[in-house]
Amino acid sequence: MNTLPEGVAIHGAMHPGFDTILTPDALALLADVHRRFDAERQRLLAERITRQARLDAGEEQLDFPADTAAIRAGAWTVPPAPADLQDRRVEITGPVDRKMVINALNADVKCFMADFEDASTPSWTNMMEGQINLRDAVHRTIAFTDEASGKSYKLKDDPAVLIVRARGLHLDEAHVAVEGAPVAGAFFDFALYLFHNHAELARRGTGPYFYLPKLETRHEARLWALVIRHCEAALGLTPGTVRVTVLIETITAVFEMDEILWELRQSITGLNAGRWDYIFSYIKRQKSDGGRILPDRGQVTMAAPFMAAYAKRLIAVCHRRGAHAMGGMSAFIPVKGDDAANEAAMERVKTDKTREAGLGHDGAWVAHPALAPIARAAFDAVMPGPNQISKQGELIEDRDALLTPVEGTITEAGLVGNADVAIRYIASWLQGRGAAPIHNLMEDAATAEISRAQLWQWRVHGAKTDDGQVIDAARVSAVIARAADAIRAELGENAWTAGRFGEARTILQDLALADTFEEFLTLPAYEKIRDV
């Protein structure tokens, strides 16, 4: 290993190739970002907790900020997207493992969002190998041979445009420390990718493009803007070289979309409707309000009035500002060996993408290459140009429209389903797989978050299932046990143990029955994958 910059320590194993990413100059940039901006990151994370306490106590209501009314009323726009980001009608998403990166970039899509966040378990090996994989993809040297099948994979001549989703501000990277403190996973992902790839990206006529997840407020957007500007200056890049899309996947951010665009106006190209994390955030930030309880997850679709209002507002705000309004992910994936089930899944995807295109989105996500033609056809039907930015939609300014929960029922099947999916997903995450096909749906961390949040909220408020039975701690515990027993019987004892399903059950039970609500399940779970 090369000599480390002063104050920097590496606590993860140095596997072959890691030294080509953790170079002294790259680490110096990361350490500089940490020293300049981590205190503000920590302050903003503390403010999330303080604000939650105010919301829980009824001392604050979610609403549009009064002190930024002028920004919302102003007639300003953001810069046009770079040429290769003008058309984003189909984006595929997935983790950063080598085979996935090649297959996604080779898919018939406009962009690939390589995800260091919810679709990836943030183990040291995953994060470091992901950096290597993306560097090799940018330099067109990436290749992969599957040892089991012997099949070889290589990049095609005209791959999709690469966009990188860094981790959220709340996650540390425990394996790199500066003056003894762990660096932010977000800064780690961003700075290292930017450092190693900006020159080659420019040479190929593209640029360093990022998705920024889980922002709660304009103040967090401002922090990212400062980090971006500093890194551009440190690397001698023209301001605006880095371009970002922000996921609007928190209930607080829906009230500050104009402000987030404003704070990042030098670098931003659009916003994305991250529907699954948005549902989780809706529950989390309003967890103490018995009037905001949601029914079974399957009933909380984009057709639900508060979800439809969220999408309409995002489109209207983005297009008014000249930014892309990206649609979200339909979780359905192809079903092998069952033609009827596969046809039904494809029809659900078609319906979802047709709705998004008709509503005015400029593109949307798919989780599997086979779904790309369905999404493309939906957008081609209504979008002859590269985007629909000229289409002005309804600007939702009614907070009740954004907050009123959908009517529906809580069922025994919904209870058991939450426990089942959460255990299966958490086990997959502990095994190092952050994107998991479960019951013919592609699930990521948001799945488990919604599941455990609903179990917690239903229990705390004594909600009832449609048969009139109260959901209390004993019932939640029994449902988790029932789901766990069924999974164990299905898999067998060896697979149950090897797959860490027992640990997953314990994590879910602890979260669902806790007195206090954990901000993110990945925070306590991270301790179980460190040094992996």
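This is a short chat about the empty spaces in a predicted model.

User: How do people find out where empty space is left?

Analyst: Rolling a probe the size of a water molecule over the atoms shows it. In this model, that turns up 3 cavities of 30 Å³ or more.

User: How much space lies in the largest cavity, and which residues lie nearest its centre?

Analyst: The largest cavity holds about 120 Å³ of space. It has 15 lining residues, and nearest the centre are Asp 118, His 170, Leu 171, Ala 445 and Thr 522. Two elements, α8 and α14 (445–460), each give two or more residues to that lining, with α14 giving the largest share, 3 residues. By class, the lining splits into 7 nonpolar, 3 polar and 5 charged residues.

User: And what lines the second largest cavity?

Analyst: That cavity has a volume of about 40 Å³. Its lining is made up of Lys 214, Glu 216, Glu 249, Thr 250, Asp 277, Phe 280, Ser 281, Lys 284 and Phe 520. Sorted by class, that gives 2 nonpolar, 2 polar and 5 charged residues.

User: Now for pockets. What is the volume of the second largest pocket, and which residues are closest to its centre?

Analyst: The volume of the second largest pocket is about 670 Å³. Its lining has 28 residues, with Trp 276, Arg 297, Gly 298, Thr 301 and Arg 348 closest to the centre.

User: Which element supplies the largest share of that pocket's lining?

Analyst: Helix α13 does, with 5 residues. At least two residues each come from α8 (275–285), α10 (339–359), α13 (412–430) and β15 (441–443). The pocket lining has 12 nonpolar, 9 polar and 7 charged residues.

Conventions. Residues numbered from 1 in each chain as written. Predicted model: local features only at pLDDT ≥ 70, side-chain atom pairs only at ≥ 80, totals over all residues. Heavy atoms only, no water. 1 Å grid on protein atoms, 1.4 Å probe; cavity = no way out; pocket = protein on both sides within 12 Å on 5 of 7 lines; lining within 4 Å. Points joined across faces, edges and corners; volume = space filled by probe spheres on them. Helix = DSSP H or I, 4+ residues; strand = E, 2+ residues; numbered from the N terminus. Nonpolar A, V, L, I, M, F, W, Y, C, P; charged D, E, K, R; others polar.
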